[in-house]
Protein chains: 2
Amino acid sequence: MLQSRLFTKTRKELPADEASKNAQLLIRAGYVHKEMAGAYSFLPLGLRVLERIKGIVREEMNGIGGQEIIMTALQRKELWERTNRWDDKQVDIWFKSQLKSGGDVGFGWSHEEPITDMMKSFIGSYRDLPVYVYQFQTKLRNELRAKSGLMRGREFVMKDLYSYSANEEEHRAFYEAVTAAYMRVFERIGLGDKTFFTFASGGAFTEFSHEFQTLTDAGEDVIYLHRGKKIAVNKEVLSEKVLDELGLKQSELEEVRAAEVGNIFSFGGKKSEELGLMFRDEKGEQKPAILGSYGIGITRAMGVLAELFADERGIVWPKEVAPYDVHLLLLPSDDEAVEKEASALYERLQNEGIHVLYDERKGVSAGEKFADADLIGIPVRAVISEKSMKAGGIEVKGRTEEKAVVMDAKKLLSLLKK
Amino acid sequence: MLQSRLFTKTRKELPADEASKNAQLLIRAGYVHKEMAGAYSFLPLGLRVLERIKGIVREEMNGIGGQEIIMTALQRKELWERTNRWDDKQVDIWFKSQLKSGGDVGFGWSHEEPITDMMKSFIGSYRDLPVYVYQFQTKLRNELRAKSGLMRGREFVMKDLYSYSANEEEHRAFYEAVTAAYMRVFERIGLGDKTFFTFASGGAFTEFSHEFQTLTDAGEDVIYLHRGKKIAVNKEVLSEKVLDELGLKQSELEEVRAAEVGNIFSFGGKKSEELGLMFRDEKGEQKPAILGSYGIGITRAMGVLAELFADERGIVWPKEVAPYDVHLLLLPSDDEAVEKEASALYERLQNEGIHVLYDERKGVSAGEKFADADLIGIPVRAVISEKSMKAGGIEVKGRTEEKAVVMDAKKLLSLLKK
């Protein structure tokens, strides 16, 4: 991508009315635009990061047998009434409206109900089980306060996966497969070291639940972490009984702030029973399908990444989720050979399948280009200038490295393909 | 994909409460699920078709310089009040709700207002123009009647592109580039022959507008078509004056029903003025950016395809948008060699990058497999059975062909790679 063509611009000043670091950085670097508190549009760079995160999640979900679908935002009142989750007294984050043809309609803040209801068309016998379906859905939640940037949205992208199993054993096996897949996701997007499997409250319908909590001061949760065992307990459920069950001692735990980037719930057979999703087992008996529900906050993960991977100059994207592999900078020069060299490198890198943001802007100083590159945060910066050409090549520097190294195109390519 | 793993099932019976042919077929074949009138979920096969259509549109939009973004569903009242499009008397298809934090909020049925408002952050000078941005957005429209299946939705996917130009000449050039790109899109997805550039009404803010109308009896529009000149006039604007301007004679025109699969509008500078999107021109004067707005109904196009490309046995997807390239059928046999042969072919085709739906289901008769293949409508059917193996290979048949031809894997591969 030619940077001169990119319609977004970086800005030095902090956006007004934005207290969170992740949103400040992402707005300043041109990744997102704030539409209202908790609702952000994703600009070309931001959409690329989002799609890379989704791509990784998609691979892992397909890897454990997930089938991708996309449900609707519009929700039928009568469906949610059957599970007692329509009333604002039960669920206080509904957006609701009225159909012109009459009656109320809701906007999806979660999708267990419609997916379970839909499955009645496809599940009738134990032979139809298990079924694993997932979607990347824009969820709408009428949050009273939304001030953590991308980390708490009124409108946000979630990957939600649902499992329907014939029995508890089958359910447990998949629950564990999801746990492992989630850890792989967080590892791959760069959050592995800081993300912990956390015991959490279950809510009315769930036997138990687990969260994946990423350590960050910007998180809204407090967890008690056992670093050695790499597990944590959410403050909400911390009790002597829970500690006993998990074989943990309070004294070994560290109180830390964290953000919930993923969660997994077991609903047992209750929701299927309420909604009528029954199947015939081997003996011909009618049983409710066992439901599991597994979320990853896609846009929240992006917010957490911007919180954690940044320095005073800007964002520092992990390689796997960066919008481009390399940021190629052409520095101002009166010598036409410099631009020719940079443009040739741009073509060559692209031909090799490398994703390049090429800053070929005219009338922009070297200092401004460096500052923009740091703010945007692409992992590798490659500079072509009179100086680099005299030194025999390209000045290449990792985003957090202090010093650049001069190398030729071949070496840069092998570095980028690693 | 192993068909035994696909959670959807075909059904023989017509879905209740669904009058439109496209939705009947798509539901019966397992592409979509009806959530409510005008709101459909997309199941694995349906999502694949949707993504293929989007992929083609994305290529063509990038080809004319479009930059992809994604805006929010949530809409600020005050923005739409400035252009007099908030009031239900002006726009009667709003879904609206109330924020828990106070105040009204709308759900996006169109996005000219928020995109234009956002552009104030990025456009200040003629040097920033032109800018072309697009998105694939789920639009929400509170339609009183939604009974045409995927062809008129309360919730549907639209590709909307917006152009901001410094002057009318620049705007016109891009408008024509979009027109050409749209015709390529409709050509590629299989609607080229039946889609016509149509003169249509402009509405309050637009100087003129054009539609892309696809001939189908299921369409909601009536157009007057000049087959020789390949242009049409929407009935809504047909007048002697319009005919004169276009150099058409009423007697040469044919009255036909059609569905609007695309539209392009010129807003001039009016909306930019209302929202304050001004730029400095070469002389330092403040001018409003010229706005163009260009839509393609992605889910509607899918509905139109199902209307047009179908026979009494099911859907007949055009090659470019089919969910898979080939439907491989293993027929029941006691000879293990048959399944071995089919599975080997499945692997081989996949290794060659061919997308295969492999019907390896047990306990399903040959007749049922043939009927399912016809209903699902993948362009090429490849059958492996005792009979085909005796004949020396694979029985291959195009979806609309009467007779199968026996060929070896190599020939099938070259056929599929064409």
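A nonpolar core is a set of buried Ala, Val, Leu, Ile, Met, Phe, Trp, Tyr and Cys residues that are joined through C-beta atoms within 7 Å. In the present structure, which is a predicted model, the largest nonpolar core holds 239 residues, and the members that touch the most other members are A:I298, A:A301, B:I298 and B:A301. When the neighbours within four places in sequence are left aside, A:A301 is in contact with A:I53, A:I189, A:L191, A:V261 and A:I296.

The arrangement of the two chains was examined next. Two copies of a chain are related by a rotation about an axis and a shift along it. Here, a turn of 180° with a shift of 0.0 Å along the axis lays chain A on chain B with an RMSD of 0.0 Å, which is the relation of a two-fold axis. Among the residues of chain A, A:S97 comes closest to this rotation axis, its C-alpha being at 2.7 Å. Because 100% of the interface residues of chain A are also interface residues in chain B, the copies meet through the same surface.

Within chain B, strand β19 (residues 326-330) pairs with β20(B) in the parallel sense over 4 bridges, and B:L328 has B:Y358 as its bridge partner in β20(B). Between these strands the chain passes from β19(B) through helix α9 (residues 336-351) of chain B to β20(B), forming a β-α-β crossover that is right-handed. Strand β20 of chain B, which spans residues 356-359, is covered on both faces, since B:V356 and B:Y358 on one side are buried, as are B:L357 and B:D359 on the other.

Definitions and conventions. Residues numbered from 1 in each chain as written. Chains lettered and ligands numbered in written order. Predicted model: local features only at pLDDT ≥ 70, side-chain atom pairs only at ≥ 80, totals over all residues. Least-squares fit on C-alpha atoms with pLDDT ≥ 70 in both. Contact = placed C-beta atoms within 7 Å. Buried ≥ 20, exposed ≤ 12 C-beta atoms within 10 Å, placed from the backbone. Helix = DSSP H or I, 4+ residues; strand = E, 2+ residues; numbered from the N terminus. Pairing = 2+ DSSP bridges. Right-handed = clockwise from strand over helix to strand, strands pointing away.
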